[in-house]
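Q: I'm new to reading protein models. Could you walk me through this one, feature by feature?

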Amino acid sequence: MSLVKQIKADRIQAMKDKEHAKRNTLQLVLGQLEIQKVKLKLKEVEDLSQTQAEEVILSYLSTLEKEIEAYIEAGASTETQEAEKTLLLNYVPKQLTEEEIRSFVSEYVAGVKVVGTNLGQIMKFLAGELKGTANMALVKRIAKEEFDKS
């Protein structure tokens with residue numbers, strides 16, 4: 001079953017189970033998928049590839065991360081956003097932890113720094129390797145730190 005069909009089926013099940021928060025979150029994601037369908041000039045939202053659908057969800061997760069940070073700074077509860085994040089993480093590949101990203105990036109940067117590679121070339125490689133499995137803003141921050149260190 002495609003990712004879009006799975007989300008639609010889960011939304012219907014959430015409606016039946018009267019899980020309003022889950023239904024609302026999945027409806028928001030379906031709305032974002034519809035926008036992507038229009039941008040790509042596709043006939044049906046189901047025509048989105050697995051990767052395209054995952055990119056939309058990862059983008060929404062990134063927005064949620066920023067929202068959570070803002071709520072924490074303001075001293076507000078992040079319960080709803082955390083629940084949405086937990087739900088949506090089920091629809092994307094496992095995301096690497098900061099420690100896993102740091103380990104991967106530092107090993108790569110240490111290996112290529114010797115040959116005089118610049119940060120742009122490093123990021124190009126890292127984006128190809130980690131896109132979809134890591135928060136790329138975090139990867140960029142860690143890569144810059146490691147590059148400046150060596």
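Q: Let's start with Tyr91: is Tyr91 buried or exposed?

A: This model is predicted, so keep in mind that every value here is computed from it. To decide on burial, look at the relative accessible area: under 20% counts as buried and over 50% as exposed. Tyr91 has a relative accessible area of 8%, so Tyr91 is buried.

Q: Where along the chain does Tyr91 sit?

A: Tyr91 belongs to the loop between α4 and α5.

Q: Which residues is Tyr91 in contact with, apart from its neighbours within four places in sequence?

A: Here you look for heavy atoms within 4.5 Å. Tyr91 makes contact with Leu3, Gln6, Ile7, Asp10, Leu26, Glu54 and Ile57. You can also compare separation along the chain with separation in space: Ala53 is 38 residues apart from Tyr91 along the chain, and their C-alpha atoms are separated by 9.2 Å.

Q: Which residues have the most contacts inside the largest nonpolar core?

A: To find a core, follow buried nonpolar side chains that are joined to one another. The largest nonpolar core has 20 residues. Tyr91 is among those with the most contacts inside this core, along with Ile7, Val29, Leu33, Ile57, Leu61 and Leu88.

Q: Which helices supply at least two residues of this core?

A: Four are to be named: α1 (3–16), α2 (20–39), α3 and α4 each supply at least two residues. The most comes from α3, with seven residues.

Q: How many residues are in the second core?

A: That second, separate core has 14 residues, including Ile122, Met123, Leu126 and Phe147.

Q: How many helices and strands does the protein chain have?

A: For an overview, count the elements and then read their order. The protein chain has seven helices and zero strands, and its pattern along the sequence is α-α-α-α-α-α-α. For the dimensions, the C-alpha trace spans about 60 × 40 × 20 Å along its principal axes.

Q: What percentage of the residues of the protein chain count as buried?

A: The protein chain has 150 residues, and 32% of them count as buried. Its exposed area is about 9,400 Å², with 53% supplied by carbon and sulfur atoms. Contacts add another view: among those between residues at least 6 apart in sequence, 59% join residues at least 24 apart.

Q: Is Lys37 buried or exposed?

A: Use the relative accessible area again, with the cut-off for buried at under 20%. Lys37 is at 15% relative accessibility, so Lys37 counts as buried. Lys37 is placed in helix α2. Not counting residues up to four places away in sequence, Lys37 touches Leu42, Lys43, Glu44, Val45 and Leu48.

Q: What is the phi of Lys18, and what is the phi of Lys41?

A: Phi is a backbone angle, and its sign is the thing to look at here. Lys18 is not a glycine, yet its phi is positive, at about 60 degrees. Lys41 is not a glycine either, and has a positive phi of about 60 degrees. Lys18 lies in the loop between α1 and α2, whereas Lys41 is in the loop between α2 and α3. For accessibility, Lys18 is exposed at 64% relative accessible area, and Lys41 is exposed at 76%.

Q: Where is Gln121 found, and how far apart are Gln121 and Glu44 in space?

A: Gln121 is found in helix α6 (residues 119–130). With 45% relative accessibility, Gln121 counts as partly exposed. From C-alpha to C-alpha, Gln121 and Glu44 are 37 Å apart in space, and they are 77 residues apart in sequence.

Q: How much space lies in the largest pocket, and which residues lie nearest its centre?

A: Rolling a probe the size of a water molecule over the atoms shows where empty space is left. The largest pocket holds about 770 Å³ of space. Its lining has 26 residues, and Glu65, Gln95, Ala134, Asn135 and Met136 lie nearest its centre. The elements giving two or more residues to this lining are α3 (50–74), α4 (79–89), α5 (98–113) and α7 (136–149).

Q: Which element gives the most to the lining of the largest pocket?

A: That is α3, with ten residues. Sorted by class, the lining has ten nonpolar, eight polar and eight charged residues.

Key. Residues are numbered from 1 along each chain as its sequence is written. This is a predicted model: local features need pLDDT of at least 70, side-chain atom pairs count only at pLDDT 80 or more; totals for chains, interfaces and linings use all residues. Side-chain values use heavy atoms; hydrogens and water are left out. On a 1 Å grid over the protein atoms alone, a cavity is a set of points where a 1.4 Å probe fits but cannot get out, and a pocket is an open set with protein on both sides within 12 Å along at least five of seven lines; lining residues have an atom within 4 Å of a point. Grid points are joined across faces, edges and corners, and a volume is the space filled by probe spheres set on the points. Ala, Val, Leu, Ile, Met, Phe, Trp, Tyr, Cys and Pro count as nonpolar, Asp, Glu, Lys and Arg as charged, and the others, Gly among them, as polar. Buried means under 20% relative accessible area, exposed over 50%, partly exposed in between (1.4 Å probe, protein chains only). Accessible areas come from the Shrake-Rupley method with a 1.4 Å probe; for residues, only the protein chains shown count as cover. A nonpolar core is a set of buried Ala, Val, Leu, Ile, Met, Phe, Trp, Tyr and Cys residues joined through side-chain atoms within 4.5 Å.
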